[in-house]
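Me: Before I rely on any label in this model, I would like to hear the reasoning behind it. Could you take the labels in turn and set each value against its cut-off?

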Amino acid sequence: MKAGPISIPQPGKNMAASVPIDIIQGLGYCESAMSEITRFGVSLDSGLLHQFDSLIGKLGYANRSEAIRDLIRDRLVAKEWESGSADTVGVLALVYNHETRELTETLNALQHKHFDLIIASTHIHLDAHNCLEVIIMKGPAALIKKTSDCLLITKNVKHGRLITTSTGEHLD
Ligand code: NI
């Protein structure tokens, strides 16, 4: 993808405020009308911009603005996790052999111990031996991480991964 020029920003210009009222009241406008949109300019090395455009093109983004919004949200969510105390959402996936008694017991005990942290879990029998357990947790980041680590390091977990996401409460 060829790196094109970034549109020239107008400092302090409020895009939402410049849209005619009849369009704002029309169907389909509700979502964007809820928040204020501000345009700003970004100075970037052309090589870096080319790399960025190439990356977001491969990912399927229609424009730079949406890609930048997602990058910012990603960093904000990472910050929530770094704080440890912020309420977050974590999704832990574990693949294991159900014939391993120790793991089944650990899973069961931890889910009872942290019943207030674990908001949902799903067990899928992948085949005659292998199981997939998906555990969804909501609460302090540090507690989610600790609970996940206890499960991930349990003997005979074949593979596992914690997806660290957000409650969405502090994201626009
Ligand atoms: Ni199973």
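**The sheet and its edges**

Reply: In this predicted model, four strands make up an open sheet with antiparallel pairing, and their order across it is β2-β3-β1-β4. β2 (118–125) and β4 (157–165) each have a single partner strand and stand at the edges, so one side of each is left without a neighbour in the sheet. From one strand to the next, the twist averages 15°.

Me: What makes β2 and β3 a pair?

Reply: Two strands pair if DSSP finds at least two bridges between them. Seven bridges join β2 to β3 (residues 130–140), and the two run antiparallel, so the requirement of at least two bridges is met. Ile-118, for instance, stands opposite Met-137 in β3, and a hairpin of four residues makes the connection from β2 to β3.

Me: How do you know that β1 pairs with β3?

Reply: The same cut-off of at least two bridges applies, and here eleven bridges join β1 to β3, which run antiparallel. Glu-133 in β3 is the bridge partner of Leu-94, and Glu-133 is also the bridge partner of His-123.

**Helix α5**

Me: Why is α5 said to lie largely in the open?

Reply: A residue is buried if 20 or more other C-beta atoms lie within 10 Å of its own. Of the 20 residues of α5, the number buried is two, so the helix lies largely in the open.

Me: How do you know that the length of α5 agrees with what its residues should span?

Reply: At 1.5 Å a residue, the 20 residues of α5 (residues 64–83) should span 28 Å, and the C-alpha atoms at its ends are 29 Å apart, which agrees. Just after α5 comes Gly-84, with a positive phi of about 85°.

**Helix α7 and Ser-148**

Me: Where does helix α7 lie relative to the strands?

Reply: Helix α7 (residues 141–152) lies across β1 (87–97), β3 and β4, and runs at about 160° to β3. Ser-148 is one of the residues in this helix.

Me: Why is Ser-148 called buried?

Reply: The cut-off is 20 or more other C-beta atoms within 10 Å; Ser-148 has 22 C-beta neighbours inside that distance, and therefore counts as buried.

Me: Which residues is Ser-148 in contact with, leaving aside its neighbours within four places in sequence?

Reply: With those neighbours left aside, Ser-148 is in contact with Gly-90, Leu-92 and Leu-162. As for Ile-135, which is 13 residues away along the chain, its C-alpha atom and that of Ser-148 are separated by 9.1 Å.

How values were computed:
Residues numbered from 1 in each chain as written. Predicted model: local features only at pLDDT ≥ 70, side-chain atom pairs only at ≥ 80, totals over all residues. Axes fitted to C-alpha atoms, helices over the stretch in contact; angles between N-to-C directions. Contact = placed C-beta atoms within 7 Å. Expected span 1.5 Å × (residues − 1). Buried ≥ 20, exposed ≤ 12 C-beta atoms within 10 Å, placed from the backbone.
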